[in-house]
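Subject: Handing over the model

Hi,

Here is the structure I promised to pass on to you. Please open it alongside this email, and then read on for what turned up.

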Amino acid sequence: MIGMRPPKDFFRPLAVGAPEPLREIPVRPSRMIHFFPPSVDKMVAKVPDIIPTVDVLLANLEDGVPATDKDAARAGMVRVAQDNDFGETQFWTRINSLDSPWCLDDLTAAVLEAGEALDVIMVPKVEGPEDIHYVDRLLAQLEAKAGLDTPLQVHAILETARGVANVEEICGASPRMQGLSLGPADLAANRRMKTTRVGGGHPGYLVRSDPDADNPEAARATFQQDLWHYTIARMVDACVTHGILPFYGPFGDIKDTQACEDQFRNAYLLGCVGAWSLHPVQIGIAKTVFSPDPADVAHAKRVVDAMGDGTGAIMLDGKMEDDASVKQCRVVLELARELSA
Ligand code: GLV
Ligand code: MG
């Protein structure tokens, strides 16, 4: 299940002996949420070419859009919604935060003028379930007024310490909840971390190997650590508990494609289904990273085939495989199948 709210039983263990998960559900890949500024005409003009290249296109109304351009951004989002055929691509918008003077206008325009095209409303700086309840009630009123048949889904950004502390309650606050993204830039500021970047690591955050007892003067190896490991892992656990989808957020150093790929891969391996792309070069990175490696898919298939009914234990290439490793392999196979559908 990618790109939409999984059924409640999705993350539960498979029944003993079930060779494959038996679920017929629509597949909507969500490997990248591609941001564009709808206040900029040049970017709006590129939208028809971008739509077929991305899983999710997001009209950003919040940070990154100057206060003087908020009305233009909202109007651009509505224009994009009304003028384009999104095909299989999802269309989302990020509204301004609930304590801003723009949020109510954003939500009203999104539902009344763009509601037919929109799939998900991304809500920034969510701090607790009360924020989701507020959005939920407003959406219900506006959807009734607009006569929308399908309820809009809600995606929250985790970007304050209080939001992280309340992550489980946020995930479970409404059946509209589709997923969460980590917002490393705002979260770093709110936590008073001493970084000045939009996502990614820091050369000062490292571990150093012990001195060599035989050669104390020898250079000691250093290894940079992932600043976001704890928060991503916490977010993934909360999302899985509530059957919604976890995403890594932005990586601001557009030129450092290697570090972007590394950050995305850490998130993928920890359970995230996608990340934000802020520039076309990051679309391809996300597509590669959040699609299972063909070698992993081939290996997973071998394990599943060798394990028969999926119970017991076998040795394959000198490694022990059992019920639990077969379940991991099925996760990889299921993702590969959904992305190729
Ligand atoms: C995203 O909004 C962030 O603050 O990282
Ligand atoms: Mg932010």
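Below are my notes, starting with the sheet and ending with the ligand and the annotated sites. Please keep in mind throughout that this is a predicted model.

**The sheet**

The best place to begin is an open sheet of eight strands, ordered β9-β6-β5-β4-β3-β2-β1-β10, with parallel pairing. Its edges are β9 (245–247) and β10 (275–277), each of which pairs on one side only. From one strand to the next, the twist averages 25 degrees.

Within that sheet, I would look at β4 (residues 120–123), which is covered on both faces. Val120 and Met122 lie on one side, Ile121 and Val123 lie on the other, and all of them are buried. That pattern fits a general rule: in a regular strand, side chains alternate between the two faces of the sheet.

What flanks β4? Here are its pairings in turn:

- Strand β3 (residues 90–94) pairs with β4 in the parallel sense over three bridges, and Arg94 stands opposite Met122 of β4. Between β3 and β4 the chain passes through helix α3 (residues 103–114), in a right-handed β-α-β crossover.
- Strand β5 (residues 153–158) runs parallel to β4 and is joined to it by four bridges; in β5, His155 is the bridge partner of Met122. The route from β4 to β5 goes through helix α4 (residues 129–146), and this β-α-β crossover is right-handed.

One step further along, β5 is joined to strand β6 (residues 177–182) by five bridges, and these two strands run parallel. There, Ala156 stands opposite Leu180 in β6.

**A hairpin**

For antiparallel pairing, go to strand β11 (residues 313–316) and strand β12 (residues 319–322), which are paired over four bridges. Ala313 has Asp322 in β12 as its bridge partner. The hairpin has two residues between its strands, and Asp317 takes a positive phi there, near 50 degrees.

**Backbone angles worth a look**

As background, most residues other than glycine have a negative phi. Besides the hairpin, two residues caught my eye. Lys125 has a phi near 55 degrees, a positive value in a residue other than glycine, and Lys125 sits in the loop between β4 and α4. Arg192 has a positive phi as well, near 60 degrees, and belongs to the loop between α7 and β7 (206–208).

Is Lys125 buried or exposed? It has 23 C-beta neighbours inside 10 Å, so Lys125 counts as buried. Arg192 has 7 C-beta neighbours inside 10 Å and therefore counts as exposed.

**The ligand and the annotated sites**

Which residues surround ligand 1? They are Asp63, Pro124, Ile157, Glu159, Gly183, Pro184, Ala185, Asp186, Val198, Gly249 and Pro250. By type, this shell divides into six nonpolar, two polar and three charged residues. Helix α7 (residues 184–190) supplies the largest share of the shell, with three residues.

Two of the residues around ligand 1, Glu159 and Asp186, also carry the feature "binding site" in an unreviewed UniProt entry. They span 28 residues in sequence, yet no two of their C-alpha atoms are more than 5.3 Å apart, so they gather at one spot. Glu159 lies in the loop between β5 and α5 (161–165). With 26 C-beta neighbours inside 10 Å, Glu159 counts as buried because the threshold for that is 20 or more.

The unreviewed UniProt entry also places "domain: HpcH/HpaI aldolase/citrate lyase" at residues 32–197. Over residues 32–197, the chain is 43% helix and 19% strand, and the C-alpha atoms at the two ends are 20 Å apart.

**A pair to show the span**

Lastly, try drawing a line between the C-alpha atoms of Glu88 and Arg208: they are separated by 47 Å, and the two residues are 120 apart along the chain. Glu88 is in the loop between α2 (70–83) and β3. Its 12 C-beta neighbours inside 10 Å are why Glu88 counts as exposed.

Happy browsing, and do write back with any questions.

Best wishes

Terms used
Residues are numbered from 1 along each chain as its sequence is written. Chains are lettered from A and ligands numbered from 1 in the order in which they are written. This is a predicted model: local features need pLDDT of at least 70, side-chain atom pairs count only at pLDDT 80 or more; totals for chains, interfaces and linings use all residues. A residue is near a molecule or strand if its C-beta atom, placed from the backbone, lies within 6 Å of it. Ala, Val, Leu, Ile, Met, Phe, Trp, Tyr, Cys and Pro count as nonpolar, Asp, Glu, Lys and Arg as charged, and the others, Gly among them, as polar. UniProt positions are given in the numbering used here, feature names are shortened, and annotations may be inferred rather than shown by experiment. Two strands pair if DSSP finds at least two bridges between them. A crossover is right-handed if, with the strands pointing away from the viewer, the path from the first strand over the helix to the second runs clockwise. Axes are lines fitted to C-alpha atoms, for helices over the stretch in contact, and angles run from 0 to 180 degrees between N-to-C directions.
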